[in-house]
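Please look over the structure below, with attention to one charged side chain and to unusual backbone angles.

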Amino acid sequence: MIKTISTTPYTDQKMGTAGLRRKSKVVMQPNYVENFMQSIFNVIGNLNGKTFVVGGDGRFYNDIAIQKIIKMSAANGVSHLIIGQNGFMSTPAGSNIILKNKADGGFILSASHNPGGPNADFGIKYSNHTGGQIPSSVSDAIYQQTTKISEYKICDIPDINLSQIGHQEICGMSIDIIDPVEDYVQMMEEIFDFASIKKLFQSGFTMRFDAMNAVTGPYAQRIFEEILGAPKGSVVNYKPLPDFGGLHPDPNMVYAKELVDFMFSDNAADFGAANDGDGDRNMILGKKFFVTPSDSLAILTDNYKYIPAYKDGIYGVAKSAATSTAVEKVAQAHNIGYYEVPTGWKYFVNLMDSKRITFCGEESFGTGSAHIREKDGIWAVLFWLNIIAATNKSVEDITTEFWQKYGRNYYVRFDFEGVDTTVADKLMENIENKLPSLKGYSQEGFTVSEAFPFVYNDPVDFSSTKNGLVVKFTDGSRIVYRLSGTGSSGATIRVYLERYSLSDIKQDPLKMLTEIFKIAMSISEIPERTGKHQADVVT
Ligand code: VG1
Ligand code: CO
């Protein structure tokens, strides 16, 4: 039944910030998935005795790609697959299942926060035994394989039924189909104080969780409504749909508009939250109040003692370079380690494995801890609910008190999308060339104190990664420039702006960043080089 099929390479199978992400139409080309998967298998080498976890966020092509992966795994000698029922599994649930079963890795079929459907995006995230996504050294080796792949192996059998939980054997490989929600719920129960969150809901506390028609609906309904007792209907857009019902499953102020409108209306719930396509991102809202992800990381870290799993103490905390420095002050106050890494969750993995950090986060609505090796949307929501239950304070009060204690890091990200890749590359090169001469540069009353390309030297594997360009000002304000690594067409220039104030904490972030934005535009020459005077997305 095992067939060897000849193929020819695709030239574009290089992974980005988090796996391979392409237009669905690209991924649907003959042998596209096959070439990529065979390249991974070739790099791993001997698959005998190995176990992998497989699932996806349910987007268009999930069902087709997963069958290919199962049949190719069997043909390549994989011993065991653990598959989410109906082929569904969130990214954090997958990380947990890898770790819990001591699996050798896993594949999550998702383009994360990118839209889904025949005219949108598809993707594959590949994790290793750490439960986190592979380091660049491995993805580079896989990319090399994709450029010379000439054949792949597949087991020629009918599609496997993924709807029944249980065990089966195909082509000499054993398969377990599991309910991915069950293990995840158990893990959350071990971390948080479910009893006190239950009491919170009993007292009449209201929440709205928007699953954005993506993978977390079933997790959220089970946890928030069935177990914790949030009123039925608290979880909306709970049914995973192949095209996310037309939603762009990116939980931010722009794309989670339905939730934002509700939370800023007079009928708002006490608490609002959303997750992205594959369940690793989160957005936190209070009544008419939005928590910036950078602040959320800092606030969760500052309040770790309310959470049963962390109350005895935490290791350090880490953030991506583009994330605001709010959490740095918290790390200093608690006298714990503090790390700054490049954008992408894979850079946190070594820090967690070596017990240097417990918490980590990114400005892009990602927060997580060492309970797994991916960011975790529902974990962040439960963390907030647990703090609210323990303190009896609102989201706004918790955040405001945090600012009163530490000052406020005003933070906004500006995305310039659909830029020609050559223009974007040249633009970044031009900024980088300017950096050495920027020190002392003054504009709009701000003076540059330092300007440098961000370089991370991993303290565990000693790899070095360059990602993003940083301009710092004497008052602590910062600009970070980088190119997105998750898009599926053209380039996206991300401009991250931050300005700190110790006492002026009630201003509008965009207003506070007006001058820094002007400076960011003149240093980068974005308007001149791209024709764009406004960002396409502001979050
Ligand atoms: C974006 C975010 C980054 C995040 C990555 C994956 O990457 O900025 O912080 O880790 O997406 O998130 P980029 O290269 O486009 O800036 V997810 O939710 O796609 O796994
Ligand atoms: Co995601």
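**Briefing: a charged residue and two backbone angles**

The backbone oxygen of Ala18 is 3.2 Å from a polar atom of the Arg21 side chain. This is a predicted model. The points below cover Arg21, then Lys102 and Cys171, two residues other than glycine with a positive phi.

**Arg21**

- Arg21 belongs to strand β2, which spans residues 20-23.
- Arg21 is buried but forms no salt bridge.
- Asp278 is the nearest side chain of opposite charge, and it is 6.0 Å from Arg21. A salt bridge would need the nitrogen and the carboxyl oxygen to be within 4 Å, so this pair does not count as one.
- The Arg21 side chain does have the backbone oxygen of Ala18 at 3.2 Å from one of its polar atoms.
- Apart from neighbours within four places in sequence, Arg21 is in contact with Ala111, Ser112, His113, Asn114, Phe122, Gly123, Lys125, Thr486, Gly487 and Ser488.

**Positive phi outside glycine**

- Most residues other than glycine have a negative phi.
- Lys102 is not a glycine, yet its phi is positive, at about 50 degrees.
- Lys102 sits in the loop between α4 (91-100) and β5 (105-109).
- Lys102 has a relative accessible area of 72% and is therefore exposed, the cut-off being over 50%.
- Cys171 also has a positive phi, near 50 degrees.
- Cys171 is placed in the loop between β8 (166-170) and β9 (173-178).
- Cys171 is partly exposed, with a relative accessible area of 21%; buried would require a value under 20%.

Conventions:
Residues are numbered from 1 along each chain as its sequence is written. Chains are lettered from A and ligands numbered from 1 in the order in which they are written. This is a predicted model: local features need pLDDT of at least 70, side-chain atom pairs count only at pLDDT 80 or more; totals for chains, interfaces and linings use all residues. Side-chain values use heavy atoms; hydrogens and water are left out. Helices (H or I, at least four residues) and strands (E, at least two) are DSSP runs, numbered from the N terminus. Buried means under 20% relative accessible area, exposed over 50%, partly exposed in between (1.4 Å probe, protein chains only). Lys and Arg count as positive and Asp and Glu as negative; His and the chain ends are not counted. A polar contact is a pair of N or O atoms within 3.5 Å; within protein, one must be able to donate a hydrogen and the other to accept it, and residues adjacent in sequence count only if both atoms are side-chain atoms. Contact means heavy atoms within 4.5 Å.
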